[in-house]
Amino acid sequence: MCTMLSVNDLTFSFSKDHLLLDHISFTLQKGTITLLTGANGAGKSVLLKIIKGLMAETGGTIAIEGRCMNRKERMRHIGLVFQEASTQIVARTVEKDIRFGMENMGIGEAEQQRRLSHLVTLLGLTGKLDQNPITLSGGEARKLAIAGVLAMEPDILIMDEPFANLDWPSVKEVISTLLTLKAQGTTILLVSHEVEKILAHVDEAMLLKNGTIATDGKPDQKMLELFRNNDIFLPHSCTVEDLTWLKP
């Protein structure tokens, strides 16, 4: 399996006296879903912004497919969907919103149309191209935000708290979308404290604690206990396979 992202010995601090991120290292394999979780204030969102290139690391390296990249390069290769989908929706129709990033990149009309047609089919937005985004459901708005990011064809998709403020049907829509993207070969880093909704479907999971990766690997019962002991909600007496909202 091909390594898509390598984070090596990454550090970040606001001051010399305290490392918010303390020599973090991990990899993402191509075409997989990796879950990053941790208690509030663990540094998850800061880590995402550094990987994307929105913030500067204090030390360490970040490589994509084996090539170390600076912040500007990572901005082009990594797509980030923020917790609040509405902050990424900028146009008055679904179609114009998906085209927005492509137009800014100077992509030609024919290529824009190819990507648009592919994404609306992939994400179930067919028939909504002329719709005002403010009329979409929570799940549809999240899918539109994903489409706008994928239209620029990043190598890696990062999602910050994708289930936040969504009802049950919308959560199911987002999970199904993530699984479809994985099947298409997309590499996904998913950051969420709501692990009970998605853990059954991820390939790897990591716990961020006190600025370090406290555990990582394929989810198992031992990992579930560690999550519970670190303020991550999980139902009692559950197995990894139980942790999905796709079940009826």
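**View 1. Strand 4 and strand 5 pair in this predicted model.** Strand 4 covers residues 59-64. Strand 4 and strand 5 run antiparallel and are joined by 2 bridges. Across from alanine 63 stands cysteine 68 of strand 5.

**View 2. An open sheet is built from 4 strands.** Their order is 2-1-4-5. Pairing in the sheet is antiparallel. The edges are taken by strand 2 (21-29) and strand 5 (67-68). Each of these has a single partner strand, so one side of strand 2 and one side of strand 5 lack a neighbour in the sheet.

**View 3. Helix 1 packs on the sheet.** This helix spans residues 44-52. Helix 1 touches strand 1 (3-12), strand 2 and strand 4. The direction of helix 1 makes about 120 degrees with that of strand 1.

**View 4. Helix 5 and helix 6 cross at roughly 25 degrees.** Helix 5 holds residues 138-150, and helix 6 holds residues 168-183. Their axes come within 7 Å. Angles under 35 degrees count as roughly parallel, and helix 5 and helix 6 are therefore roughly parallel to each other. Their crossing is right-handed.

**View 5. Residues of helix 5 and helix 6 make the contact.** Helix 5 contributes Gly138, Gly139, Glu140, Arg142, Lys143, Ile146 and Leu150. From helix 6 come Ser170, Glu173, Val174, Thr177 and Leu181. By class, the contact of helix 5 with helix 6 has 4 nonpolar, 4 polar and 4 charged residues.

Notes
Residues numbered from 1 in each chain as written. Predicted model: local features only at pLDDT ≥ 70, side-chain atom pairs only at ≥ 80, totals over all residues. Heavy atoms only, no water. Axes fitted to C-alpha atoms, helices over the stretch in contact; angles between N-to-C directions. Parallel < 35°, antiparallel > 145°, perpendicular 65-115°, else oblique. Left-handed = near helix turned anticlockwise from the far one by under 90°. Contact = heavy atoms within 4.5 Å. Nonpolar A, V, L, I, M, F, W, Y, C, P; charged D, E, K, R; others polar. Pairing = 2+ DSSP bridges.
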